[in-house]
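Subject: Structure for you to look over

Hello,

I am handing over the structure we talked about. Please open it alongside this message and follow the notes below it.

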Amino acid sequence: MKFPRFLLAMSAFTLAATSTGAIAHPKLVSSNPAANSTVKKPTSITLTFNEKLIAAAAKVDLTMTSMPGMGGHKPMKVTGFKSSVAADGKTLVLSLPRPLPAGGYKLDWHAVGGDTHPIHGGLTFNVR
């Protein structure tokens, strides 16, 4: 039985359309604290992605951008935290040595998924 060319073309298109997950980049699906939220003094921060990350390539920069009562406060890089990828392979965890003090924060992340393409993003949140 011969298939008309348009059926072969449609089959190829369908296969290509349904297999794009293999070439998709990882995406941030949630964070704690959530973007633009206000939280009470967190001791950890988590970023959860839709696919596994390459742990050695994950990097996070955390900056305190504002401090209550300090209008001229210059951004200050937060250091001393440890970052790791959780057992699920999809969650990047920042373990803070002590709760974050009240203020505004900016978190910039860089990660690499199984497709080996680097991705990056950022979010802000406030601590009360």
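The notes below take the overall fold, then the strand pairing, then one glycine, then the largest pocket.

Please keep in mind that this is a predicted model.

Overall fold

The protein chain has one helix and nine strands. The helix comes at the N-terminal end of the series, and the order reads α-β-β-β-β-β-β-β-β-β. Of the 128 residues in the chain, 30% are buried. Taking contacts between residues at least 6 apart in sequence, 62% of them join residues at least 24 apart. The chain exposes about 8200 Å², and 61% of that area is supplied by carbon and sulfur atoms.

Strand pairing

Strand β9 covers residues 118–127 and pairs with strand β2, residues 38–39. These two run parallel and are joined by two bridges. Val39 has Val127 of β9 as its bridge partner.

β9 also pairs with strand β8, residues 103–112, and here the strands run antiparallel with 10 bridges. Val112 stands opposite Pro118 in β9. β8 and β9 form a hairpin with five residues between the strands. Thr116 in this hairpin takes a positive phi near 65°.

Gly122

Gly122 is in strand β9. Is this residue buried, partly exposed or exposed? Gly122 has a relative accessible area of 48%, and because buried means under 20% and exposed over 50%, Gly122 counts as partly exposed.

Leaving aside residues up to four places away in sequence, Gly122 touches Leu107, Asp108 and Trp109. Between Gly122 and Leu107 the C-alpha to C-alpha distance is 5.4 Å, with a separation of 15 residues in sequence.

Largest pocket

How much space lies in the largest pocket? The volume is about 210 Å³. The residues that line the pocket include Met64, Leu96, Pro97, Arg98, Pro99, Leu100, Pro101 and Tyr105. Met76, Lys77, Val78 and Thr79 are also in the lining.

Which element gives the most to this lining? That is strand β5, residues 76–78, with three residues. By class, the lining holds nine nonpolar residues, one polar residue and two charged residues.

Regards

Notes. Residues numbered from 1 in each chain as written. Predicted model: local features only at pLDDT ≥ 70, side-chain atom pairs only at ≥ 80, totals over all residues. Heavy atoms only, no water. 1 Å grid on protein atoms, 1.4 Å probe; cavity = no way out; pocket = protein on both sides within 12 Å on 5 of 7 lines; lining within 4 Å. Points joined across faces, edges and corners; volume = space filled by probe spheres on them. Helix = DSSP H or I, 4+ residues; strand = E, 2+ residues; numbered from the N terminus. Nonpolar A, V, L, I, M, F, W, Y, C, P; charged D, E, K, R; others polar. Buried < 20%, exposed > 50% of the residue type's maximum accessible area, 1.4 Å probe, protein only. Contact = heavy atoms within 4.5 Å. Areas by Shrake-Rupley, 256 points an atom, 1.4 Å probe, with all protein chains shown as cover. Pairing = 2+ DSSP bridges.
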